[in-house]
Structure formats: C-alpha cells, structure tokens
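Reader: I keep hearing about interfaces, and I'd like to learn how to read one. Can we work through an example together?

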Number of protein chains: 2
Amino acid sequence: MSKFWSEALKRTEPYVPGEQPSQSDILKLNTNENPYPPSPHVVEAIQAAAQQQLQRYPPPSLDYLRETIAADQQLHKENVFVGNGSDEVLAFSFMAFFDPGRPILFPEVSYSFYPVYAQLFNIPYQEVPLTTDFRLPAEAFFQAEGGVIFPNPNAPTSVYLPLERIEAILQHNPDQVVIIDEAYIDFAEASAVPLINTYANLLIVQTMSKSRSLAGLRVGFALGQPELIEGLLRLKDSFNSYTVDRLAIAGAAAALEDRDYFAETTRQIIATREWFAGELKSRGFSVLPSQTNFVFVRHPAYEAGALYEQLKQRGIMVRHFNKPQIKDYLRITIGTQDNMKEVLAALDELG
Amino acid sequence: MSKFWSEALKRTEPYVPGEQPSQSDILKLNTNENPYPPSPHVVEAIQAAAQQQLQRYPPPSLDYLRETIAADQQLHKENVFVGNGSDEVLAFSFMAFFDPGRPILFPEVSYSFYPVYAQLFNIPYQEVPLTTDFRLPAEAFFQAEGGVIFPNPNAPTSVYLPLERIEAILQHNPDQVVIIDEAYIDFAEASAVPLINTYANLLIVQTMSKSRSLAGLRVGFALGQPELIEGLLRLKDSFNSYTVDRLAIAGAAAALEDRDYFAETTRQIIATREWFAGELKSRGFSVLPSQTNFVFVRHPAYEAGALYEQLKQRGIMVRHFNKPQIKDYLRITIGTQDNMKEVLAALDELG
C-alpha cells in the first residue's frame, strides 16, 4: 500500500493469471492454451503487416476485423466489438453496463476475474452457488437487479448450460444486460449467438486465445445488438482509442479466414479430451462432463494440492484453485495426444 | 443512449481521435505520426516473433521489455510499467492515483483525453488557463487537492515547460501524484526522468508511437518510483493481465535497441520542423516555439477552419480544434522535408 494509491486500487485484490514459466522443457497445461500453433496463413499475414505502415495508428473503428468476425458469425459489423483479449472486453462491459448500487449476479465457482472487476469498478455482487454436481442453477439468475455474467461452458468446471436455460435467464432479466462469456464455446455443442437477434439484453463475449491458437496476440470480441455494441465502442473511445494493433488485426482476420485449420485443430482437441477423460476415469478419477479444452478432475485417493506439486516436479504444470468448493479438483488443459500420454504416464508412476 | 448503458457511460463524451483515412494518396499530417517507418530491425524482430509460440499468452510481467526500457532510460525494471499505448497507461494512472471527491488539475488547453478520463472515472477536475502566450503557469498547479496531469511539451500547443518549473510543481504537491505526459519529449530539450529518484510523487508517461515510429504497435510506458509502478501493475492485473502482445514486445524492444536509427530520424524531424517553421514565418504565420514533432500556427489573414478545409481539399490533412481558445490555430504534424514542401506549395497556391 502507498499513500499515493487511489481507493479503487486499495480495495481491489488483483487477478492472478496462471504461471508462464520461461523454461521451454515444461509441459504447460495450466492456462488452457491451444497446443497447436496458429494457421500458417496467420504467420504470413503478420509478416506482411509488419512491413506496412507500422508508424501509423491502427484504424480506430476496426471495420475490417469487425466485418470478418461478422461474416464468420453470420452477423453484421454493427453486432461486433473487438478488444485487446476477452479480458479487456469484459472489463469494458462491466464499466459500460453495470452500475455501483445495483448488485450483479455471477456463479460462486467461476472465472475468478469477475469479483476483481466488481471490486475495481465498485459494483456490488452476489455469488450464486452451483448445484452439488457443479451445474449452473438458471432460476437463481432470474431477476438480477444490476445484471448477470457467467461463462458458458463454465470455468474452471468445464460444464455446459443448455441454451433453453440461457433463454430463461434472458427472459427473466429484460432490463438487465446478461453477459455470456463464451471463451470455450468452440469446444461445446452450441453458442448462444443465434439468440442475439431476439434478446436486446444479450451480450456474448468470445476470444481468439483458445480455439484460434492466438493467446499471444490479444484479440477478443463481443457480439450483441447495435445498442450494446455502440456502448462498448463509446466506452473504448473514452479509455483508449486503439487497443488492437495492426499486427493483431492482420493475424486475427487470417485466423478466421482459415476455417479448415480451425475445424481440424478443434476436432483434434475434442477427440483428445474424450480419450483422455476415459483414460482418467479408468484410473479412478471423477471427470466432470467437459465441453471445453480442459478437464476438471478429482481422485478419491489423492489430495489435489499434493498431486499438483508432484506433477510440477515432473515438469507438468496444471492448475489448482485453493477455494473451498473446488480444492479437491485439478484443472488440466488438453494438449496434444502425446502431451496427455505424458500426463497419464506421470500419474501411473505416482499411483 | 440506451436503457442498458451505465451511468459512467452516459455521463462520458468519448475522445475523438484524428481521422485515419483509408485512401493512400492523402498527406496525413493530423495525428503526429512519424513520417519514417520503424527501423528494419523492428520488422525483422516481429517477423521472427510471429513464428514463435503465438498460441501462448505473453509473459504477464513483461520483464524483458521493462528491462530494455530501463536500460535505455538508465533506470531499473522496478521503475518501468508498460501498457497498450500511452493512452492505456494514462487511463490506468487515472484509476490508480486519482479519486472521486478530490479534484485534479490540468491545463485548459491540453490533451483532450484528460477530461474524458475524468468523466469516465468520476474524478472532479479544474482546468487551469494557459498564459496569453500559451505557457503553462506553474504556480497555478501548486497545492492540487487530488493530483496534477499535464503534457510536456504541451499539446496541441507544442510549448515546453523548463524542468525547474516542473520541480516547483513537484515540491508543492508532496502528497499528490504529478503525472507528466512526455509523449513528445524526444523532440524537446530534456526529459524529467532524472527527477524520478528525487520525487516519489512523479510519474512520467512516454510512448513508442511518435519518436519510435510505432503508432500501429500500441506500446506506451510509465516511469516512476517502485511504489507508483507497483500500483500500475496491480491496476493492470485487475483489468487485463496481458495488454501488450508478443509481437509488440518484440518490436518495441528492437526499436529501443536501434539507437542510431532513432537518433537519425529524430534529428531529421527536428531539422525539418525548424526549417518549416521559418518558412511559415516568412509567409506571415505566427508559429509557437515548438519542441514537438508538430507546429501550432495561425495566420492573421486566414480563418483556421477554412484553411483546414482548403488543405483537405488538396489532399493534406492537418488538425483543427474547435475550442474557443485555439480556434484560430492549426496543428500540423512534421513529415518529411518533401511532405512539408508540399504543404508550403499548397499554402502558396491559396495565398
């Protein structure tokens, strides 16, 4: 603490991202990154953009990238906002749609950045407990005073909420913004994007960091009716007019255009997830039904914190959350088939 | 306006950046970009980084880039915070060091983003009038209640405040953060950086967008004692853990390492500025004494708004601010010698 710090800074306990070790011999399964590099077209697009006018500001309205995303999602440019990773889009959304004095709702076990935003922007919040099998109780999100936010599939649990439950939440909150954080949706059965035209209160946030193999590039986006998107554009222009750089624009657009590469790498991750979950179950693990690129698992005989440490000693990084409801679980990112064989081999050695 | 918008969004009138026309035949002298491309080493570094692990998050602590900046400034890593352009660094600084209820001071004629931040974050402010010759009256910034922020050199006036005046402001505000926005300092006589070790309340913000030819890459930074830098790091980690992408890290570090290229392009811009200012004066313009990469000028016989339009019709974009105190002035970015000859030719045609 410093006498120079603002009240907002003093009251906020920052988010702690997963470790990014600099050693290259670590098997990194702790931050839900994609094990595959981006499409070769992405690399080419960036290399070309590096030679083009880097001394000029990026286009502040990001029309080209917004149009590319809109085409991919069968929407219009006016339905799309682009930001510096989905975390920035979420931060802007908290500022644009939630107010001090009107409590918002989010799940008790969820993305741990939500309470941080709420503290920073002084938004009161109530955390809704999950069911005992880690499902989202939709009814508990009916009639929120200030708004609703949750990931679907939820993180770190990996569990998916069917669209009819999401629709019920939207219908019960006609005057509040309901933000669905679809960071992992490309590994799940269906996005809520088709609901956008029906529900003016629906904002969907997605990211290029997971399914598009571009965590290093910082591109996330929001989808919604033009009224919400205009709010985000105005908020961005009141904070930082250019948050997505020229290289990120070029790389993100190229990633969206290579649909085959995206389809194939996503298919492979889902196949590996299903196989790996089966292997874990055969070793006595409970594995929550995952619709993400990670699994959330526990073993009746192992203490999760100890297992985390033992894997780390063997050069395998997974994530353990020291929170009462989930302290018995580990979150393991799905890597390549070979990566996951390495994890199983380490578990077999430990067992 | 929308019923879904927050109070913060409703009360804030966004900043309007200079136009970024997509036609390439425009002579763009309206956003103080560098006319020279970045160093060839920057392009190479980006092209190499594009092939390296873009599927991984950037290092959240940005140690490598912070160390490179520290070495360039003869400081330590703990004195350096890096963000997505100096606008993001300024936004974070408002949140980290200024409080609702404690009015801050900034110049009445200054960077027009400051009142936007103040509205967004609900920080009361008082605007200090400049002297009639557009100088910053240092005494008017003594004993600020909530803090002080001003550019040096000031924008859009181009006028520089000597360091002994800055020291007086720092000495009179021992309990408030004084932010000096040095976006244009590389075109001026001396930075306030050497004062950092003496004044715990001094935060200096700089950018790679102007003198380093990297407006398209989005890298800005703050320099100060570790207590202020730690505040900015905590703020960033409460907002968006990774705001500078892998390519921007590589490009910015390479730009800092090519000192010869930086020295030569900066020297050239200053020489062009001095020559261009002389040419303007010989045509009857008043030119404020510039220590930036732009000039702020008026002509007794021309109406500035009309001149802006006439230049635009000839494919030359400059900037006109429709604000009472400066409505008679145009801000003209310094391009290459050839660019500025084109401007003079257009003026001669009009005259």
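Reader: How many residue pairs are in polar contact between domain 1 of chain A and domain 2 of chain A?

Author: Keep in mind that this is a predicted model. Between domain 1 of chain A and domain 2 of chain A, eleven residue pairs are in polar contact, with both residues at pLDDT 80 or more. On the side of domain 1 of chain A that touches domain 2 of chain A, α9 (259-282) and β10 (294-298) of chain A are the elements giving two or more residues. The largest share there is six residues, from α9(A). Sorted by class, that side of domain 1 of chain A has 13 nonpolar, nine polar and four charged residues.

Reader: How many salt bridges does the rule find across the interface of those domains, domain 1 of chain A and domain 2 of chain A?

Author: Zero salt bridges turn up across that interface of domain 1 of chain A and domain 2 of chain A.

Reader: And where do the two domains of chain A run along the sequence?

Author: By the domain assignment, domain 1 of chain A covers 19-37 + 260-350, while domain 2 of chain A covers 40-257. Their C-alpha centres are 25 Å apart. As for touching, 26 residues of domain 1 of chain A are in contact with 24 residues of domain 2 of chain A.

Reader: What area is buried between domain 1 of chain A and domain 2 of chain A?

Author: Here's the general idea: the size of an interface is often given as the accessible area lost when the parts come together. For domain 1 and domain 2 of chain A, that area is about 2100 Å², and carbon and sulfur atoms give 60% of it.

Reader: OK, now the two chains. What area do chain B and chain A bury between them?

Author: Read it just like the domain case. Chain B and chain A bury about 6900 Å² between them, with 57% of it on carbon and sulfur atoms. In chain B, the residues losing the most area to chain A are Phe4(B), Tyr57(B) and Phe239(B), together 12% of what that side buries. The contact takes 81 residues from chain B and 80 residues from chain A.

Reader: How many salt bridges are there between chain B and chain A?

Author: The count is six salt bridges between chain B and chain A. Have a look at Arg56(A) and Glu33(B), whose side chains meet in a salt bridge at 2.8 Å, N to O. Across the interface of chain B and chain A there are also 40 residue pairs in polar contact, both at pLDDT 80 or more.

Reader: Which element gives the largest share of the side of chain B that touches chain A?

Author: That's α4(B), with seven residues. By class, the side of chain B that touches chain A has 42 nonpolar, 21 polar and 18 charged residues.

Notes: Residues are numbered from 1 along each chain as its sequence is written. Chains are lettered from A and ligands numbered from 1 in the order in which they are written. This is a predicted model: local features need pLDDT of at least 70, side-chain atom pairs count only at pLDDT 80 or more; totals for chains, interfaces and linings use all residues. Side-chain values use heavy atoms; hydrogens and water are left out. Domain bounds come from an automatic or database domain assignment. Contact means heavy atoms within 4.5 Å. Buried area is the accessible area (1.4 Å probe) that two parts lose on being put together, summed over both. A salt bridge is a side-chain nitrogen of Lys or Arg within 4 Å of a carboxyl oxygen of Asp or Glu. A polar contact is a pair of N or O atoms within 3.5 Å; within protein, one must be able to donate a hydrogen and the other to accept it, and residues adjacent in sequence count only if both atoms are side-chain atoms. Helices (H or I, at least four residues) and strands (E, at least two) are DSSP runs, numbered from the N terminus. Ala, Val, Leu, Ile, Met, Phe, Trp, Tyr, Cys and Pro count as nonpolar, Asp, Glu, Lys and Arg as charged, and the others, Gly among them, as polar.
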